[in-house]
Amino acid sequence: MTSRFQAVPTNNSSKPLIVVKKDEMCGIGSCTPRWLQRFADPKVYLLVFCTLGILQGAYFTYFIGVITTLEKRFAFESKVTGVIMIADNLSPIFTSLLFGYYGGKANKPKLIAGSMILVIISCFASAIPYFIYGPGLHILSKSVDSLSKINREYCDLEDRNEGCNPSQVASLHPAVIILFIANFLNGFGYTAFYTVGTPYLDDNVKKKNSPLYFSAMAALRIFGPALGFLLSSFCLKYYEDPFYDPGIDAYNPRWVGAWWMGFFILGFALLIFTLLLALFPRQLPERFRSEKKNAVKEEDTDTELPKIKDFPKAVKRLMKNPILVCHVISITFQVNGFAGYFVFMPKFMEAQYQQSASDASLFSGATGIISMLVGILLGGFMIKKYKPRPRYLTAYMVIVEIFSVIGLMISIFLGCPPLQLPGTSVNKDETLTLYNECNAACGCTRRVFEPVCGADGVSTFFSPCFAGCPNLTGLLPSLTTSTVSTIANSTAFQDCRCVDGFNNTFETNYVTSGFCSSSCNMFIAYIIMLCISKFISSTARVGNTLITFRCVDSKDKSFALGAFGSVLAMFAFIPYPLIYGALTDSTCLVWEESCSKTGNCWLYDSDKFRFYLHGMSMLLISIGICFDVVVFLLSDRMSNFYGEEDEKSHIEDRLARWIKEEEEEDVIFTKGSKREPVLQMEPII
């Protein structure tokens, strides 16, 4: 009898059914294609988020790199620069708290993408002044009409007041206002980026893996400031109007580079990655999070925003946290010291070591990139591997900060001797008077700065006019080829009547264009010291971030960052440009003057600039160290620093289940043994 049924082999293998929640699917709205879900991964988010962070940081440092060019182009002081730079920190005073309070329940990737649109707008708005006012050709000479004749001032006894154009002077203020508004919009954008974006990453990875993710994030974002400086160095090599030949090179103080080009490049790059970030889900799939975080997420799946009446309670909860309060105060003082130093470092390099604006931006960004990258990755790896207690971690941070102060102290002694300016005198306000009996009748002005070097290779004059040179030029004499800092076919100005009285070395009366050469080689030592300091300080970057996240409850993480951002904006990012801008202006020796109005600074007192810049940074960082010592003393209060409680609770659950199963088996065995018959053995005789 044959069977009516026949077995049919099948290749279908049983696979577990994975249910993906709507909040864990990549896409926008109802458009969530299946192929896009493979990118719902914290590593992919880290890459996109850090790329945006790189571009965001590049915008800030690019502005720093071109700020001296903007001062020259639109003739405003460093104090005005400080006002422009605090614009992007006015909005975060209030928006940081709002983003932190409501951002915990909002769709974080969509919120970040929306805020980055404002950053993109600010990038394009920053370049608008160039298209309104055009290139600054008036800097090349006294008037635009005379460009075809000469590009410098001579001692020709002309009346130079005719070059004053009131309409041109009046057009400077709108450019400053446009830059201020652009930076103000940028403040709205980056507030949500840092306040909401970092907690999103921390909430979607295991705590024990957080150090690696934070170190990778810090290491990738370190390229942002470097990219900004490199981009500014590249753009400033081209003249403001790339299709115009100004007849001078980038080392001439009258050179105005193409400061506006980088803003367009950054704007388009930000637009591309902002669209990519908007595709991420509200939360990443559960498999990337720890067990305890999964439970929390299950409880908080509702998207109801916090109530405004609970806001004072949340603030009070943060204020009662002594570790957070001391940590915020410490970071506030240190941001004032470090940010003020690095923002004005390009200007310091120009004034101290006679570097061009392009080279100053290049060295400011390129120096220490590799050392900082290695330091951040090394710090994150060591924390991940050894998991030091909070007390050891905070102690190391204090040691690193003390070394930073020592590095600044050493840098004070790495300066070069100041310029020798014969024929000048010091005013009551400690500025220089360039006029003397020799050049008083030459009609010289301080509007055009073209330094010239005397035949002795030491004496420097502000311009050919102040050296008493008439409109006569020639080739560079061979006598001074080795004693002046010039390029090929450098111009020599002959019959300079103000040189004889101050030159006792050579019986010549000519000068050559450019600064005098210097035998000072402290610039290399300064760069080396800078790299060492950046490497050591960067090893504590990950630990600093961990303390910020672990000293508060998980539910207060975003709000703590928001409050942190508001405090930094109010007491760090706003004050330091004003403080360091005023300090920098106080070291100025010669101001640009046009139409009886003071513009940017042409020459600084290099010694005073060096002492003021490093001294103020040492003071502010030292105050921050005092509060970090308090954090060190209270650090034992921090628990669950690396997710130990999560792992411990998971192990305890497994152990409890195993014990329960063993007990049940014992009970079953005991009951079964009572029902079994008792065997008795008869004695064998």
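## Surroundings of Cys469

In this predicted model, Cys469 touches Tyr154, Cys155, Pro464, Phe493, Gln494, Asp495, Cys496 and Val511, leaving aside residues up to four places away in sequence. Cys469 belongs to the loop that runs between strand S4 (460–461) and strand S5 (473–475). Its relative accessibility is 0%, so Cys469 counts as buried, the limit being under 20%.

One of the residues that Cys469 touches is Val511. The two residues are 42 residues apart along the chain, and their C-alpha atoms are separated by 8.4 Å.

## The chain as a whole

The chain has 685 residues, of which 51% are buried. Its secondary structure comprises 23 helices and nine strands. Among contacts with a separation of 6 or more, 81% are between residues 24 or more positions apart.

The area exposed by the chain is about 32900 Å², and carbon and sulfur atoms supply 64% of that area.

## Salt bridges to helix H1

Side chains of opposite charge can pair when their charged atoms come close. In the whole structure, a search finds six salt bridges. One salt bridge joins the side chains of Lys347 and Glu71, with an N to O distance of 2.9 Å. Lys347 is part of helix H14 and Glu71 is part of helix H1 (residues 42–74), so this pair ties together parts that are 276 residues apart in sequence. Both Lys347 and Glu71 are buried.

Arg73 forms a salt bridge with Glu240, and the closest N and O atoms of this pair are 3.3 Å apart. This pair, too, links distant parts of the chain: Arg73 is in helix H1, whereas Glu240 is in the loop between helix H9 (223–236) and helix H10 (261–277), 167 residues apart. Glu240 and Arg73 are both buried.

## A salt bridge within helix H22, and a network

Asp607 and Arg610 form a salt bridge in which the closest N and O atoms are 3.2 Å apart. Both residues lie in helix H22 (residues 606–634); because they are three residues apart, about one helical turn separates them. An α-helix has 3.6 residues a turn, so residues three or four places apart point the same way. The partners differ in exposure class: Asp607 is partly exposed, with a relative accessible area of 27%, while Arg610, at 7% relative accessibility, counts as buried.

A network of salt bridges links Arg389, Arg391 and Asp636.

## Helix H13

Helix H13 (residues 322–343) has 22 residues, which at 1.5 Å a residue should span 32 Å; the C-alpha atoms at its ends are 31 Å apart, in agreement with that expectation. Because 16 of its 22 residues are buried, H13 is largely enclosed by the rest of the structure.

The N-terminal end of H13 is capped by Asn321. A side-chain oxygen of Asn321 lies 3.2 Å from the backbone nitrogen of Ile323.

## Helix H16 and its nonpolar patch

Ile370, Val374, Leu378, Phe381, Met382 and Tyr386 make a nonpolar surface patch of about 600 Å². Tyr386 is located in helix H16 (residues 369–386). With a relative accessible area of 53%, Tyr386 is exposed, because that class begins over 50%.

## Loop residues with positive phi

Most residues other than glycine have a negative phi. Lys387, in the loop between H16 and helix H17 (390–411), has a positive phi near 50°. Lys387 is partly exposed, and its relative accessible area is 37%.

Gln354 also has a positive phi, near 55°. This residue occupies the loop between helix H14 (345–353) and helix H15 (357–366). Its relative accessibility is 30%, so Gln354 counts as partly exposed.

Note on methods
Residues are numbered from 1 along each chain as its sequence is written. This is a predicted model: local features need pLDDT of at least 70, side-chain atom pairs count only at pLDDT 80 or more; totals for chains, interfaces and linings use all residues. Side-chain values use heavy atoms; hydrogens and water are left out. Patches are made of residues with over 30% relative accessible area and no salt bridge: like charges are joined within 9 Å, nonpolar side chains (Val, Leu, Ile, Met, Phe, Trp, Tyr) within 5 Å. Accessible areas come from the Shrake-Rupley method with a 1.4 Å probe; for residues, only the protein chains shown count as cover. A salt bridge is a side-chain nitrogen of Lys or Arg within 4 Å of a carboxyl oxygen of Asp or Glu. Helices (H or I, at least four residues) and strands (E, at least two) are DSSP runs, numbered from the N terminus. Buried means under 20% relative accessible area, exposed over 50%, partly exposed in between (1.4 Å probe, protein chains only). Contact means heavy atoms within 4.5 Å. The expected span of a helix is 1.5 Å times one less than its number of residues. A polar contact is a pair of N or O atoms within 3.5 Å; within protein, one must be able to donate a hydrogen and the other to accept it, and residues adjacent in sequence count only if both atoms are side-chain atoms.
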